[in-house]
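Here are my notes from going through this one, jotted down as numbered points. Have the viewer open while you read.

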Amino acid sequence: MLSHSNILATTKGNIDRRERCNLAAVSSNRHCSFLPMAHLYERLILISNFLHGTQIVFCPIPEKLFECYAIVKPTNIGMVPRILNRVYDTVMTEVDKSKIKRFLISQALHNEQPSIFSRIIFRKVRNLFGGEVIAMVTGSAPITPEVLHFFRIALDIPVAEGYGQTESTAAGASTHLIDTSCGTVGTPSPSV
């Protein structure tokens, strides 16, 4: 059974990791909650936001998440790969309809870091997430390296990947927000 101390220790470890990357949460941040409250990943996100006085909006219908994002304009996003895969597949299906779009996207994704060119090309993708996101954490399932790389370039933000399970209070390991490697879940969380 998880204790209150387990949850607080995990939350503190995640806060410490963000602060070391100079991405400490502030009360002007906004979060749009859409995962079930019973999901431990969502609970940790909410507790961290409560501790910082972050503005939280609850999306009543997860299928309308991107409509909520357009209104809320979240600054921090806790995401699951299933939704990122859906967005990626939709974008790539549209891109495959045109040789010019396919060429432009491949050029933008060719680099390891976002460029002015990629910021122009992926403007619609950034706007889909509200246009003001400064960091994203994805967890609860594996994400493929190509999808992770796509969103790091398209959103021009740090995207961390985490691995955990309920027994470890949802946090086992995660990449640092400044780590741009793919195919790894990073190092153990400070609280593990």
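1. Contacts first. Between residues at least 6 apart in sequence, 64% of the contacts in the protein join residues at least 24 apart. Bear in mind throughout that this is a predicted model.

2. Next, the overall build. The protein has eight helices and seven strands. Its C-alpha trace spans about 55 × 35 × 25 Å along the principal axes. A compact globule of 192 residues would have a radius of gyration near 16 Å, and the 17 Å of the protein agrees with that. As for burial, 43% of the 192 residues count as buried.

3. How many residues line the largest pocket, and which are closest to its centre? The volume of this pocket is about 840 Å³. There are 47 lining residues, and N14, Y41, L44, I45 and V137 are the closest to the centre. Helix 2 supplies the largest share of that lining, with eight residues. The elements that each supply at least two residues are helix 1 (4-20), helix 2 (40-52), strand 3 (76-79), strand 4, strand 5 (159-163) and strand 6 (173-174). By class, the lining comes out as 20 nonpolar, 23 polar and four charged residues.

4. Then there's the second largest pocket, at about 730 Å³. Its lining has 29 residues, with V87, T90, V91, V125 and L128 nearest the centre. Two or more residues each come from helix 3, helix 4 (81-95), helix 5 (99-109), helix 6 (116-121) and helix 7. Helix 4 gives the most, nine residues. If you're thinking about the chemistry of this lining, it splits into 20 nonpolar, two polar and seven charged residues.

5. On to the rings. The structure holds seven aromatic pairs. One of them is F66 with F129, an edge-to-face pair with 5.2 Å centre to centre and 90° between the planes. That pair links distant parts of the chain: F66 sits in helix 3 (residues 65-72), while F129 is in the loop between helix 7 (123-128) and strand 4 (135-138), 63 residues apart.

6. Are the two partners buried or exposed? F129 is buried, since its relative accessible area is 0% and the cut-off for buried is under 20%. F66 is partly exposed, because its 23% falls between that cut-off and the 50% above which a residue counts as exposed.

7. The F66 and F129 rings also belong to a wider group. Ring pairs link F66, Y69, Y88, F122, F129, F150 and F151 into a cluster. It's worth putting these residues up together in the viewer, with helix 3 (residues 65-72) shown for F66.

8. One last residue to look at: H31, in strand 1 (residues 30-33). Which residues does H31 touch, leaving aside those up to four places away in sequence? The list is E42, I45, L46, N49, T54, Q55, I56, V57, V72, N76 and G78. H31 is buried, with a relative accessible area of 2%. Among its contacts, I45 turns up again from point 3, where it is one of the residues closest to the centre of the largest pocket.

Key: Residues numbered from 1 in each chain as written. Predicted model: local features only at pLDDT ≥ 70, side-chain atom pairs only at ≥ 80, totals over all residues. Heavy atoms only, no water. Phe/Tyr/Trp six-rings, centres within 6.5 Å; stacked < 30°, edge-to-face > 60°. Helix = DSSP H or I, 4+ residues; strand = E, 2+ residues; numbered from the N terminus. Buried < 20%, exposed > 50% of the residue type's maximum accessible area, 1.4 Å probe, protein only. 1 Å grid on protein atoms, 1.4 Å probe; cavity = no way out; pocket = protein on both sides within 12 Å on 5 of 7 lines; lining within 4 Å. Points joined across faces, edges and corners; volume = space filled by probe spheres on them. Nonpolar A, V, L, I, M, F, W, Y, C, P; charged D, E, K, R; others polar. Rg over C-alpha atoms; globule rule 2.2 N^0.38 Å. Contact = heavy atoms within 4.5 Å.
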